[in-house]
Amino acid sequence: MPSTATSGKLTNYQKRRKQLKHILSDLGLTENVTYSLEANNDTFKFLHKDGTKEIELMYPISAERKVLRRSLANGAVNQAMYCFNRKLKNVATFEIGKVYYEEEGSYKEEENLAIVLAGSLSSCEWNGQNEVCDFYTLKGIIDTAFDSLNVSFTYKPLDVEFKEMHPLRTAIIMFNNKPVGYVGELHPKYQKEHDLKDVYIAEIKIKDILNIEVKTKIYEQISKVPSVERDIALTFKRDVLASDIIATIKSVDKKVLSDAYIFDIYQGEKVKEDEKSVAIKLVFTSYETLTDEVINGKVNKVLKELEKVYNAVLRA
């Protein structure tokens, strides 16, 4: 046998892809495999902001297997329909597979992740507990899985018409300020036409995400001093995104301000029609005891920045 100085091993992408599969399985999902070939009319479904062309086979095996898929979502939804038709109302599956398309005269091949949920994700009949799937169940699965890979997503409202998806229950998944997928509920009209109910789906382009080199985690000393929390409530215009508010707050101080999150949003009396009241919890952590003077100074910096960027007003 020829001698070699190197031993075979998985690439960084392959390792992270394998890890992602294990995480999704641990979260209660079953891996699914669907056809790469589909009917010509199916390849036009579930395409968000698409400018690509389908790739058609010269000699297809049948009319139903005529073109290469451009999305995994159609196969995932067909699998959910198969289950619903056999009175299996609980669906929780994922697929990592290739999609194919033509763009600017060249053929492209990419790998995507698709997740579909319907019915109950888990149940405990003896005490009557039942976890029914919804938008936040699917979003939580996505965040948990990719957090394990040191990847964080942000979410934006649906910005263009997406006829297969619910216009108010669908979000665009952003990674490094670029759209990489979507998550949401199927459009009520689409569900009715296909005898489906409360089906949620996500599709994510994972090529660039999994190709990132993982940085070595640096140990941080645990503070012996308890964290200090402060709650603030401000009014913002209704079109201001919660994720933008939190990002602005965290940019103010990266040393003492350890966390910030929204715990309540109110729209109604005593708030203008085009505004909303947002309650935010600020968490301060330090290796030294934090005085009221220091904390108040940090809170004031946050309030000034929110007023500057969003014209936010502190509620009394």
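A residue is called buried here when its relative accessible area is under 20%, and by that cut-off the buried residues of helix α6 are I245, I246, T248, I249 and V252. Seen down the axis of α6, these buried residues fall within an arc of 160°, so they line one face of the helix. Keep in mind throughout that the model on the screen is predicted.

**The whole chain**

Begin with everything displayed as a cartoon, where 7 helices and 15 strands make up the secondary structure of the protein. Along the principal axes, the C-alpha atoms fill a box of roughly 75 × 65 × 55 Å. Colouring by accessibility will pick out the buried residues, which make up 41% of the 316 residues in the protein. If contacts are drawn between residues at least 6 apart in sequence, 65% of them join residues that are at least 24 apart.

**Around helix α6**

Select α6 (242-252) and then what lies over its buried residues: the covering elements include β12, β13, β14 and α7 (292-310). Three of these strands lead to the next stop.

**The sheet of four strands**

Now show the open sheet of 4 strands, whose order is β13-β14-β12-β15 and whose pairing is antiparallel. Its edges are held by β13 (257-266) and β15, each of which has a single partner strand, so one side of each is left without a neighbour in the sheet.

Select β12 (residues 228-237) together with β14 (residues 275-284), and the two strands can be followed through 10 bridges in the antiparallel sense. With strand β15 (residues 313-314), by contrast, β12 shares 2 bridges, again running antiparallel. Along this second pairing, L234 stands opposite L314 and T235 stands opposite V313. On the side of β14, the residue opposite F236 is K276.

**K276**

Stay with K276, which has its place in strand β14. Is K276 buried or exposed? Its relative accessibility is 9%, and K276 therefore counts as buried. Showing its contacts, with neighbours within four places in sequence left aside, brings up L234, T235, F236, K237, R238 and V240, as well as I265, Y266, Q267 and V271. For a sense of scale, draw the distance from K276 to A145: the two residues are 131 apart along the chain, and their C-alpha atoms are separated by 32 Å.

**The sheet of seven strands**

Next, display the other open sheet, in which 7 strands follow the order β1-β4-β5-β11-β10-β9-β8 with mixed pairing. The edge strands are β1 (30-31) and β8, each of them pairing on one side only. Within this sheet, select β9 together with strand β10 (residues 178-186), which pair in the antiparallel sense over 7 bridges; a position to label is T170, which stands opposite G184 in β10.

**The largest pocket**

Switch to a surface view to find the largest pocket, with a volume of about 1100 Å³. Which residues are closest to its centre? Of the 32 residues that line the pocket, they are K139, Y155, K156, A171 and S243. To see which elements contribute to the lining, colour α3, β8 (154-157), β9 (165-175) and α6 (242-252), since each of these supplies at least two residues.

**Helix α1**

Move to helix α1 (residues 12-26) and compare its length with what is expected: at 1.5 Å a residue its 15 residues should span 21 Å, and the end C-alpha atoms are 21 Å apart, which agrees. Select Y13, R16, L20, I23 and L24, which are buried in α1. Looking down the helix axis, one finds the buried residues within an arc of 95°, so they line one face of the helix. The elements that cover them include β4 (91-103), β5 (106-118), α3 (135-147) and α5 (207-210). Just after α1, label G28, whose phi is positive, near 100°.

**K89, the last stop**

Finish at K89, in the loop between α2 (73-85) and β4. With a relative accessibility of 44%, K89 counts as partly exposed. Apart from residues up to four places away in sequence, K89 touches F84, A118 and G119. A final distance to draw is the one from K89 to K178, which lie 89 residues apart in sequence and 34 Å apart in space, C-alpha to C-alpha.

Terms used. Residues numbered from 1 in each chain as written. Predicted model: local features only at pLDDT ≥ 70, side-chain atom pairs only at ≥ 80, totals over all residues. Heavy atoms only, no water. Expected span 1.5 Å × (residues − 1). Buried < 20%, exposed > 50% of the residue type's maximum accessible area, 1.4 Å probe, protein only. Arc of directions from axis to C-beta. Contact = heavy atoms within 4.5 Å. Pairing = 2+ DSSP bridges. 1 Å grid on protein atoms, 1.4 Å probe; cavity = no way out; pocket = protein on both sides within 12 Å on 5 of 7 lines; lining within 4 Å. Points joined across faces, edges and corners; volume = space filled by probe spheres on them.
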